[in-house]
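Hello,

Here is the structure I promised to pass on, with my notes below it. Have a look at the model first, then read on when you have a moment.

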Amino acid sequence: MFPPTRVQAISRVVLKIFHLILVAFSLRSSRLPRLVLWLRFLGWLTWFIFIWTQSVIYAQTIDCPLDCSLRHMLTFFQTLSHAFIVVTSFLDGFRIQQDQLDEAIAFEDSDPWLASTVLAMLVPILGVEYLVCSNAPEYAFRIRVYHLKTLPSFLALQMQIISFILEVMKVNIKVRQTKLQLQILARELSCRWPQSKQKPQFFDQQIHRVKDLKRRYNDLHYMFVRINGCFGGSLLTIIIVYFALFVSNSYWLFVDIRTRPWRIYANLLNLGFIFNVALQMAAACWHCQQSYNLGRQIGCLISKLVKPQGSKRYNDLVSEFSLQTLHQRFVVTAKDFFSLNLYLLSSMFAAVVTYLVILIQFMFAERSSKRSSG
């Protein structure tokens, strides 16, 4: 074993820090003692009950316009989604034998590509939160309270989606390695020199390599099954929250642009929220689309292994491998409600435009009713 390079050592530190962040937000159990699990769970439960109680009291005592109703809805969605993940992590901590993923980021990981992805995702998140904190005195009281109540949950949801992206990236690296091994085998079998490679005995000698690739493909498919089991429920809630955030911040950006004088920081803040949500959703869907595409490419490469000169045993094994790739697709879903791919992005964009138009119509209707009553 060679000692890790400086880049690998820095990458390992970054991933360890990110893992600790996941544990702090109660997104991972990390095999903590039961007392610590209970204390962490009760702490977050107290926080959620406080937020929900305060929101109910505030909504009953103050007349809420459209903007206020949106903020109450987002507060409820974000905290409820975070609470769901906290409960799931708490229950996972008590499982003796876990069939799902124990850790999103293992301590021994030192891949610079994973660490750079974490940093690339965290920098815009920290930039937006800096804008929120540095300009808090300029906001109205209800807006400051909204950001304060949703800050922990919103950060937790973003950390969860980043950990999901990293997990898919790690599996995709293994898929690419399997694809490379399959390409090497197909290239060797396609070579017509020497003539001994065209005999059935030579193809029978390659059966163990085909079996090994078939087993590795089955292991990769099981990894995607575990990802779906571990992240499926949280992905469903996070995507719903992200959709509501994208629509609401787009609406607030539209309102701020029409407001005179322009509030530059408010516009930058809304753009920052929109950018972070779009970046994380685009990265998640793109990597999941890559998983599906790599699986399809492996299925196409298997057809090159079929050889008329090969024995029946060899060709039957290749046919079985081909059928396996047809039935075991590398697909990531949100509890089987929908698949994460680039098509989901286009569908979400169309839905965002539709609901944004509806909110703008409500805004004009609310203003016209105020003028008529005044």
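R209 has a relative accessibility of 25%, so it counts as partly exposed. Please keep in mind that this is a predicted model. The partner of R209 is E188: the two form a salt bridge, with their closest N and O atoms 2.7 Å apart. E188 sits in helix 5 and R209 in helix 7 (residues 207–258), so this pair ties together parts that are 21 residues apart in sequence. E188 is also partly exposed, because its relative accessibility is 31%.

That bridge belongs to a set of 6 salt bridges found in a search of the whole structure. Another one joins D219 to R215, where the closest N and O atoms are 3.3 Å apart. Both residues are in helix 7, and being 4 residues apart there means that about one helical turn separates them. As a reminder, an α-helix has 3.6 residues a turn, so residues three or four places apart point the same way. D219 has a relative accessibility of 34% and therefore counts as partly exposed; R215, with a relative accessible area of 44%, is partly exposed too.

Helix 9 has a bridge of its own, between the side chains of D316 and K312, at 2.8 Å from N to O. Here again the partners are 4 residues apart in the helix, so they are separated by about one helical turn. What about their exposure: are D316 and K312 exposed or partly exposed? D316 is partly exposed at 39% relative accessibility, whereas K312 is exposed at 63%. Going back to the residues of the D219 bridge, D212, R215 and D219 are joined into one network by salt bridges that share partners.

Now for the helices themselves. Helix 9 covers residues 312–327, and at 1.5 Å a residue its 16 residues should span 22 Å; the end C-alpha atoms are 23 Å apart, so the two values agree. Its buried residues are Y314, N315, L317, V318, F321, Q324 and T325.

Helix 4 (residues 112–134) passes the same kind of check: its 23 residues should span 33 Å at 1.5 Å a residue, and with its end C-alpha atoms 32 Å apart, this agrees. At its N-terminal end, D111 acts as a cap, with a side-chain oxygen 2.9 Å from the backbone nitrogen of W113. Among the buried residues of helix 4 are L114, M121, P124, E129 and V132.

E129 and V132 turn up again in the lining of a cavity. How many cavities of 30 Å³ or more are there? The count comes to 2, and the second largest has a volume of about 80 Å³. Its lining is made up of Q78, E129, V132, Y146, H147, T150, L151, F154, L245 and F273. Helix 4 and helix 5 are the elements that give two or more residues to this lining, and helix 5 gives the most, with 5 residues. By class, the lining of the second largest cavity has 6 nonpolar, 3 polar and 1 charged residues.

One last item from helix 5, which spans residues 141–190 and includes I173. At 27% relative accessibility, I173 counts as partly exposed. The C-alpha atoms of I173 and S291 are separated by 9.6 Å, while the two residues are 118 residues apart along the chain.

Best wishes

Definitions and conventions. Residues numbered from 1 in each chain as written. Predicted model: local features only at pLDDT ≥ 70, side-chain atom pairs only at ≥ 80, totals over all residues. Heavy atoms only, no water. Expected span 1.5 Å × (residues − 1). Buried < 20%, exposed > 50% of the residue type's maximum accessible area, 1.4 Å probe, protein only. Polar contact = N/O pair within 3.5 Å; in protein donor to acceptor, adjacent residues only side chain to side chain. 1 Å grid on protein atoms, 1.4 Å probe; cavity = no way out; pocket = protein on both sides within 12 Å on 5 of 7 lines; lining within 4 Å. Points joined across faces, edges and corners; volume = space filled by probe spheres on them. Nonpolar A, V, L, I, M, F, W, Y, C, P; charged D, E, K, R; others polar. Salt bridge = Lys/Arg side-chain N within 4 Å of Asp/Glu carboxyl O.
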